[in-house]
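Q: Please take a close look at the largest cavity of this structure: what volume does the cavity have, and which residues line it?

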Amino acid sequence: MTEKPAPSLQRHAVPPGTASLADHERLARQQLDDNAWAYFSGGAADEITLAANHSAWDRITLQPRVLRALAGGHTRTTLLGRTLAHPILLAPIAFQRMAHPDGELASAYAAAALGAGLVLSTQSSTPVEAVAQAMQGDPASGPLWFQLYLQHDRGFTRELVQRAEAAGCDALVLTVDAPTSGARDRERRAGFRLPAGISAVHLAGLAPPPARLLSPGQSPLFDGLLHHAPTWADVQWLQSVTRLPVLLKGVLHPDDARQAAALGVAGLIVSNHGGRTLDTAPATAHALPRVAQAVQGALPLLVDGGIRRGTDVLKALALGASAVLLGRPAVYGLAHAGAAGVAHVLRLLRDELEIAMALTGCATLERVTPALLDLPALQTFTPRCARGDY
């Protein structure tokens, strides 16, 4: 693997013997203080969904096939009209400079060097313009999408959308599963706070919402904060003010998937926010086939949550996903080795995907179907996902 960092980035070497994403997690724990570790690694409440995201992939069994022609195979795919070297993107994660001084800029250079797409968080600690410059400087780079939280000030939101468009982002990813934060016990026990000098740079200048006078007995959440919670009408509004395709992130229920498809969104990301919002929500591996059945190939599906091996990526594709998003492991690589760490994480996962494809008899992703999975519950599952048509 050849790292291609910007001259201004700190240069690191990944320690010899780092062979898996779990190794990167162990190395990151040695670098991150309790404050940052609680934020990046923790989940909501008892962290049941956080654990289930990973274990659900483990419980799916692959069926190897033998003696198939494999020469000339590849991991290329097409998503939103763009050819990707592989179906792995970096998920939006906020405040990456809390993990490493180079933050999102390091992730951008690593993604570009490895041909991975990147979804930049609204709560990025690095401006979208700098990240876009890093991504667009490499002709082999994957797409840059901008993740959006709708703000109470529509004018501010519109300006943020225009800023993402002007920077050259290829799509908007609207997060819809977090009208409020989850009950993150681990963060509260750590007394989580943002370190000095780190902030959500895209939200600078946003005035707080007007204070609402609550009557006795009213809920500060339902009658206060959630007064500004987005609805399906806001999805339509967003579509009306941007020329970019809009994907929805955080869809788990088939009925929500059908409604999103009816609105003509460009894609869905099956996600439970990494187990950080509603604890005991279903693992994404369980939700994905239900969503795939609901939309019947009408739009591309992506999935995140608990993916740690190339076999997990293969299983996700077999369940109906067009691509996957990788979150925490990329931050773990960033924390201990900067851009080189993120690039190494991506390289490991792609290499493992190729190995899994070869050992299941799949030379290309078009050959990945539910037949690879030993799951009785999926015997009648035949998603109409013509991978590569998106």
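A: On a 1 Å grid over the protein atoms alone, a cavity is a set of points where a 1.4 Å probe fits but cannot get out, and lining residues have an atom within 4 Å of a point. Grid points are joined across faces, edges and corners, and a volume is the space filled by probe spheres set on the points. The model examined here is predicted, with local features needing pLDDT of at least 70 and side-chain atom pairs counting only at pLDDT 80 or more, while totals for chains, interfaces and linings use all residues. Residues are numbered from 1 along each chain as its sequence is written, and side-chain values use heavy atoms, with hydrogens and water left out.

Searching the whole structure yields 3 cavities of 30 Å³ or more, and the largest cavity has a volume of about 100 Å³. Its lining consists of 15 residues, of which Leu90, Ala91, Gln96, Ser107 and Leu118 are the closest to the centre. Two or more lining residues are given by each of α4 (103–114), β4 (117–120) and α12 (328–359), where helices (H or I, at least four residues) and strands (E, at least two) are DSSP runs numbered from the N terminus. Strand β4 supplies the largest share of this lining, with 3 residues. By residue class, the lining of the largest cavity comprises 10 nonpolar, 4 polar and 1 charged, counting Ala, Val, Leu, Ile, Met, Phe, Trp, Tyr, Cys and Pro as nonpolar, Asp, Glu, Lys and Arg as charged, and the others, Gly among them, as polar.

Key
On a 1 Å grid over the protein atoms alone, a cavity is a set of points where a 1.4 Å probe fits but cannot get out, and a pocket is an open set with protein on both sides within 12 Å along at least five of seven lines; lining residues have an atom within 4 Å of a point.
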